[in-house]
Amino acid sequence: MKTDIQIAQEAYMMNIKEVASQIGIEEDDLELYGKYKAKLSDELMEKVKDNQDGKLVLVTAINPTPAGEGKTTITVGLGQALHQLNKKTLIALREPSLGPCFGIKGGAAGGGYSQVVPMEDLNLHFTGDFHAITSANNLLAAMLDNHIQQGNVLRIDPRQIVWKRCLDMNDRVLRNVVVGLGNKMDGMVREDHFVITVASEIMAILCLANDLADLKERLGNIIVAYNFDGEPVTANDLQATGAMTALLKDALKPNLIQTLEHTPALVHGGPFANIAHGCNSVRATKMALKLSDITITEAGFGADLGAEKFFDIKCRKADLKPDAVVLVATVRALKYNGGVAKAELNEENLDALKRGIVNLEKHIENIKKYKVPVIVTLNSFITDTDAENEFIRQFCEERGCEFALSKVWEKGGEGGLELAHKVLDTLENKKSEFHPLYEDGISLKEKIEIITKEIYGARGVVYEPAALKQLAKIEEMGFSELPVCMAKNQYSLSDDAKKLGRPENFDIHVREVYVNAGAGFVVVLTGTVMTMPGLPKVPAANGIDVAEDGRITGLF
């Protein structure tokens with residue numbers, strides 16, 4: 001079987017102008033980055049703003065395992081299947097981070113015959129959006145330290161600097177650093193920290209901003225530090241907002257590429273779902289809704305993270321109302337949740353499936369709490385058996401869920417036709433009555449406890465003393481109305497990655513809380529989740545190379 005990169009490199013790609021024309025976009029509204037990718041102009045949104053919105057379908061998944069789930073593959077395959085059925089469809093995805101590309105997870109272009117292309121461009125530098133975000137983030141950090149060096153008129157307390165530098169790479173040694181070493185002209189010596197770019201507040205801001213004015217206002221509200229009186233100091237106070245906006249002006253424009261079957265795809269923004277809000281940009285999603293009859297989007301990792309944040313942060317902030325949810329699972333992942341070792345997942349094991357399917361059950365229950373119709377799809381592997389597939393089908397149908405078997409990795413859009421028909425039937429015959437999980441007006445602690453108990457199934461919440469002080473400070477500053485963004489490991493419903501399936505009688509441990517005033521949410525760090533990942537013992541980077549003819553090899 002060919003690798004993903006071989007399939008992508010052998011594919012015929014249409015000129016991006018032809019792809020755009022399928023959804024009524026004229027050449028004047030494209031800002032070209034070569035023949036196969038383009039940014040959409042600001043003028044286009046103005047042209048289509050009065051169009052009726054299409055239907056919005058979210059693709060999410062069970063908790064990820066080493067066995068793989070294929071959420072992006074299903075998203076792309078479903079879009080291709082709907083395209084085959086002559087439905088005016090747009091896919092809206094996140095951009096991949098270089099961290100996972102060179103680490104352990106790999107890229108985020110889909111897989112097999114359900115990919116977006118050009119795959120190598122997307123997984124590497126693409127149109128430079130992440131570099132712009134990194135530059136804007138680090139410009140603000142540089143202006144902060146320069147202000148202190150040049151006399152510190154704002155009386156910034158160096159012990160209360162909360163703005164961190166960033167880099168779009170897994171680099172654990174940068175988690176805790178000391179800056180300003182050297183002589184007096186090299187700045188004040190202080191402890192500093194790096195986060196991965198996809199965890200930067202600027203990434204979240206770019207993905208939640210409606211337009212350039214909104215972006216600029218949000219950037220200005222970023223809290224970078226506190227002064228000696230404990231009062232917040234913002235990017236506006238440092239007079240950094242205009243320059244940051246200038247760096248991000250083009251990055252705010254959504255990117256257009258295509259699938260292997262030439263279905264248009266908007267790929268824009270990329271916050272991680274375990275440490276940020278995990279959704280593509282509001283701007284791309286809203287543009288997709290105006291340009292298509294059906295928009296297929298995804299949210300990162302399992303439904304306990306990506307879907308919850310899509311509903312409670314993105315939809316709340318952008319006034320989006322999803323019409324259906326596709327919940328992705330695999331037989332292999334469910335058996336893994338049932339205690340089967342990765343090496344033994346190819347063997348039929350109904351007992352393990354029965355033990356592990358409780359993870360899927362919990363995610364179904366969670367989505368139903370938002371009053372959105374749910375369709376479960378099984379991403380098929382050749383080792384799955386008819387008995388295993390039928391057990392899962394019956395399990396879902398007994399719980400009032402539509403079910404479809406997907407073979408999009410192997411067959412592209414054709415392998416997603418069963419799922420596409422189920423989605424179309426759901427959109428036509430079932431009404432979404434979407435509402436967020438909690439109201440704005442309750443306290444931050446109440447919001448945290450609702451998510452941990454309702455979505456994770458926790459018994460309660462245990463707060464570190466420092467986290468309680470931070471919560472009190474944030475509420476005192478007037479941010480209690482904001483939604484919360486839970487930073488939690490992705491592998492378990494709990495904050496312990498080793499607790500698979502549907503854990504019970506556990507507590508969620510909150511160790512730190514801080515406000516992203518520009519993005520408009522409060523971040524809650526739980527367990528041992530890291531905002532700067534590290535590389536594994538054998539990074540994916542070890543296998544990436546460039547052939548003599550310039551072809552990149554080893555990306556996956």
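1. A cavity here is a set of grid points where a 1.4 Å probe fits but cannot get out. The model under review is predicted. With that rule, two cavities of 30 Å³ or more are counted.

2. The largest cavity has a volume of about 60 Å³. Its lining is made up of Glu95, Pro96, Leu98, Leu124, His125, Phe126, Asp129, Phe130, His131 and Asp168. Helix α7, residues 129-149, gives the most to this lining, with three residues. Sorted by class, the lining of the largest cavity holds five nonpolar, two polar and three charged residues.

3. The second largest cavity has a volume of about 30 Å³. Lining it are Ala199, Ala204, Ile275, Ala276, Tyr514, Asn516, Phe521 and Val523. Two or more residues of this lining come from each of the strands β22 (507-516) and β23 (521-526). By class, seven residues of the lining are nonpolar and one is polar, with no charged residue.

4. Apart from the cavities, there is an open sheet of three strands to look at. The strand order is β7-β12-β13, and the pairing is antiparallel. β7 (156-161) and β13 (232-234) are the edge strands; each has a single partner strand, so one side of each lacks a neighbour in the sheet. On average, neighbouring strands of this sheet are turned by 50° against each other, direction ignored.

5. Within that sheet, β12 (residues 223-227) pairs with β13 in the antiparallel sense over three bridges. Which residue of β13 is the bridge partner of tyrosine 226? The partner is proline 232.

Key. Residues are numbered from 1 along each chain as its sequence is written. This is a predicted model: local features need pLDDT of at least 70, side-chain atom pairs count only at pLDDT 80 or more; totals for chains, interfaces and linings use all residues. Side-chain values use heavy atoms; hydrogens and water are left out. Two strands pair if DSSP finds at least two bridges between them. Helices (H or I, at least four residues) and strands (E, at least two) are DSSP runs, numbered from the N terminus. Axes are lines fitted to C-alpha atoms, for helices over the stretch in contact, and angles run from 0 to 180 degrees between N-to-C directions. On a 1 Å grid over the protein atoms alone, a cavity is a set of points where a 1.4 Å probe fits but cannot get out, and a pocket is an open set with protein on both sides within 12 Å along at least five of seven lines; lining residues have an atom within 4 Å of a point. Grid points are joined across faces, edges and corners, and a volume is the space filled by probe spheres set on the points. Ala, Val, Leu, Ile, Met, Phe, Trp, Tyr, Cys and Pro count as nonpolar, Asp, Glu, Lys and Arg as charged, and the others, Gly among them, as polar.
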